[in-house]
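Visitor: I would like a close look at a single part of this model. Could you choose one place and take me through it slowly, with a little of the setting around it?

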Amino acid sequence: MSSSQPFVASSPISAHRSKFTWKQLHQLSQSSPNCPLRTVSHCDLDAFYAQCEGVRLGIAPDQPLAVQQWQSLIAVNYPARPFGVGRHITAAEAKKLCPELICQHVATWKEGEVRWAYHEDAFKQIATHKVSLDPYRTESKKIFAVIKEQLPPSLQRVEKAGIDEFFVDLSAQVHSILLERFPELAAGPASSDITDLLPPLPTTALDWSADHLVDLDENETEEDNPDWDDVAMLIGSEIMRGVRAAVFEKLKYTCSAGIAKNKMLAKLGSGYKKPNQQTVVRNRAVQHFLNTFKFTKIRNLGGKLGDEVVAMFNTDTVKDLLEVPLEQLKKLGDDTGIWLHRLVRGDEHSEVNPRTQIKSMGSNKAFRPAINNFEQGVRWLRIFAADIFSRCVEEGVLENIRKPKTVTVHHRQGNQSKSKGCPIPQAKTLSEELLFDLAKNLLAQVAAEGKAWPCINLGLNVSGFEDGVTGNMGIDGFLVRGEAKAARLASSSGIQDASPESEPSVKKRRTTLGIQRFFAPREDSKDSEQGSKASEPESIDHSPEDAIHSAPELPPHVLPPSAQGAAHLFQPTIDSYFCRRCNKHMPKEDEIEHNDWHFASDLSNEFREEARTRPSTPAQRPAPKKALAKGRRPTGSSASGSKNNDKGQKKLAFGKS
Ligand code: TTP
Ligand code: CA
Ligand code: CA
């Protein structure tokens with residue numbers, strides 16, 4: 001991984017003027033997603049879990065190595081791949097193909113224990129152990145830190161996009177290097193007109209030697225004069241070579257990178273040549289590059305949306321889709337059609353979002369054989385609580401830096417999924433015991449509704465992470481008051497609300513799903529037992545007792561559709577969030593706040609409704625529809641459905657070897 005310094009300021013000047021303006025150069029410094037000089041990278045670790053195990057155990061990098069979960073392989077290093085070893089075969093089959101293969105089992109939590117460990121016989125213990133991905137999360141954090149260290153603090157924009165991948169918007173740094181290297185750019189425009197074109201660029205030394213370059217589009221030739229966007233890409237590529245070298249030097253991990261004008265292309269680029277390589281998709285090569293792909297390989301087109309497009313237009317190639325007129329694509333819905341029309345042309349402008357904070361975390365376990373009673377369930381909840389709590393500690397809950405707001409138990413019996421959630425009391429410091437108690441109560445509610453056993457999947461999730469409570473009485477203050485009360489009620493009494501009532505609402509929502517069902521968060525990892533993902537809306541229906549009189553005030557962009565204009569105008573991007581309740585797209589970063597708004601406003605509405613219908617004396621009040629136990633009042637929450645079941649198990653294939 002050598003770094004090149006290909007620019008000489010005094011080099012001959014090309015006769016051709018640039019097609020870019022000073023204004024666009026300025027946009028580059030602002031990391032504007034619409035800047036035509038934009039430079040984005042995606043970086044993905046090679047055979048990540050396998051590298052983690054290799055480094056941890058001091059195994060030579062050329063030794064074939066796979067990571068095993070029960071009988072399956074979940075990561076295979078590059079030396080093992082030529083033997084035909086891959087995720088599709090079992091550990092036993094792999095050993096036959098490659099007798100020297102080392103199969104390292106992932107760490108596991110043993111039922112009843114509160115620490116994970118590497119257990120020798122773990123592969124036999126599917127019934128009593130659960131997988132821990134902690135070791136990989138820890139390495140992921142180290143890698144993230146090294147990447148950030150490598151980039152100038154004031155110019156960096158890094159987004160963690162999965163356990164082993166990152167987006168970096170290199171624009172601002174590229175801008176600063178351009179100005180350093182090219183005095184003609186540093187000098188600024190001769191006139192005050194920022195729409196003037198940039199000076200021609202030096203023709204020498206676009207030295208791409210260390211990179212894999214994607215061939216140019218048909219009507220472009222290498223002899224065509226390069227422009228400043230090519231230089232921007234080259235500088236971006238140099239930066240990424242440095243970043244990758246640092247990750248290797250400090251942590252001994254190799255990764256591959258893609259450099260392009262947007263996230264979608266950068267991501268396709270990082271998978272294009274692996275391992276330990278980087279691919280530059282120059283702007284003039286975009287269509288040529290994209291034409292080689294099936295569109296189902298593009299992020300967000302690998303799932304249901306991709307299937308639907310294939311079925312509708314009878315093709316899975318980008319090339320064929322280019323022929324489909326926009327009007328036809330709009331059969332998928334106007335927004336989706338426009339989005340797709342742009343996407344297959346490489347036109348995508350989602351931001352690299354440096355908010356890398358975890359918004360939710362979950363711990364769950366699929367049971368084969370199923371578990372059959374409450375006590376067994378509770379033993380697993382103890383592990384889940386320990387697992388989640390230790391991760392919460394890393395998030396800074398003890399220092400009150402960040403705190404989750406909600407805890408939810410997910411339960412599956414046959415093909416019936418149920419989720420029950422309650423607020424986490426914010427007044428107390430979060431503890432493992434508290435999480436466990438809340439979880440146990442929630443499971444008790446599930447059990448009390450009957451038909452809970454045998455259970456084939458149980459999970460615990462905390463969500464709605466927010467920065468520590470401050471003095472402001474915005475939504476935080478509102479929720480703190482509401483939650484404290486709700487949690488008191490939840491822990492002191494059984495919580496009602498049988499799923500038959502909540503099921504229809506989920507069904508109804510399902511039928512109204514539009515593009516959002518295609519954008520369900522997808523965790524990079526296949527392991528369905530754990531993983532943190534971007535937050536998802538929790539369906540929480542609190543009782544009137546929990547309600548507060550008025551909904552909180554929020555900035556206009558998180559107001560519901562009836563009250564806002566901004567979200568209406570928002571164009572969906574590869575990363576946008578779709579609110580299924582408002583039927584609107586909005587920037588991903590508004591998701592949490594927006595859902596908080598719904599949460600708060602639901603509480604408020606229910607309170608008002610309750611106040612309106614409440615009989616004047618207690619004696620006149622109707623009995624709870626379904627009380628869990630004698631003397632207990634319905635107070636809680638319920639939601640059911642399978643929305644949390646997208647475990648992102650689908651493999652992303654990018655034509656790797
Ligand atoms: P990937 O980045 O998809 O794959 P990889 O890093 O193993 O290999 P590559 O060099 O092709 O990028 O996934 C990252 C980790 O996530 C992977 O090491 C293990 C886990 N994972 C699974 O457990 N199951 C899966 O199906 C996939 C795709 C990933
Ligand atoms: Ca990877
Ligand atoms: Ca990955």
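Guide: Happy to! Let me begin with the whole before we zoom in. The protein has a secondary structure of 19 helices and 22 strands, and what you see is a predicted model. Of its 657 residues, 54% are buried. Among contacts with a separation of 6 or more, 73% link residues 24 or more positions apart.

The place I have chosen is the calcium ion (ligand 2). Three residues coordinate this ion: Asp44 and Asp164 each through OD, and Leu45 through O, at 2.1 to 2.2 Å. Along the chain, the donors follow the spacing D-L-x118-D. What geometry does the site of the calcium ion (ligand 2) have? It is octahedral, with angles of 78 to 174 degrees among six donor atoms. For comparison, ideal angles for six octahedral donors are 90 or 180 degrees.

Asp44 deserves a second glance, as this residue also bridges the calcium ion (ligand 2) and the calcium ion (ligand 3). Those two ions lie 3.5 Å apart. Is Asp44 buried or exposed? Its relative accessibility is 12%, so it counts as buried, the cut-off being under 20%. Leu45 is also buried, because its relative accessible area of 2% falls under that 20% cut-off.

Now for a little of the setting, starting with strand S9, which spans residues 165–169. S9 is one of the elements that the buried residues of helix H5 pack against; the others are helix H1 (22–29), helix H6 (183–186) and helix H7. H5 itself runs over residues 171–181 and is mostly covered, with eight of its 11 residues buried. Those buried residues are Ser171, Ala172, Gln173, Val174, His175, Ile177, Leu178 and Arg181.

From H5 we can step across to H7, which covers residues 228–251 and meets helix H4, residues 134–150. Two packed helices are described by the angle between their axes and the distance between the axes. Here the axes come within 9 Å and cross at roughly 130 degrees, and H4 and H7 are therefore oblique to each other. The crossing in which H4 passes H7 is right-handed. On the H4 side, the contact is made by Lys142, Ile143, Val146, Ile147, Glu149 and Gln150. H7 contributes Gly242, Val243, Ala246, Val247, Lys250 and Leu251.

Key:
Residues numbered from 1 in each chain as written. Chains lettered and ligands numbered in written order. Predicted model: local features only at pLDDT ≥ 70, side-chain atom pairs only at ≥ 80, totals over all residues. Heavy atoms only, no water. Donors = N, O, S within 2.8 Å, 3.2 Å for Na, K, Ca; no water. Tetrahedral: all angles 85-135°; square planar, octahedral: opposite > 155°, others 65-115°. Buried < 20%, exposed > 50% of the residue type's maximum accessible area, 1.4 Å probe, protein only. Axes fitted to C-alpha atoms, helices over the stretch in contact; angles between N-to-C directions. Helix = DSSP H or I, 4+ residues; strand = E, 2+ residues; numbered from the N terminus. Parallel < 35°, antiparallel > 145°, perpendicular 65-115°, else oblique. Left-handed = near helix turned anticlockwise from the far one by under 90°. Contact = heavy atoms within 4.5 Å.
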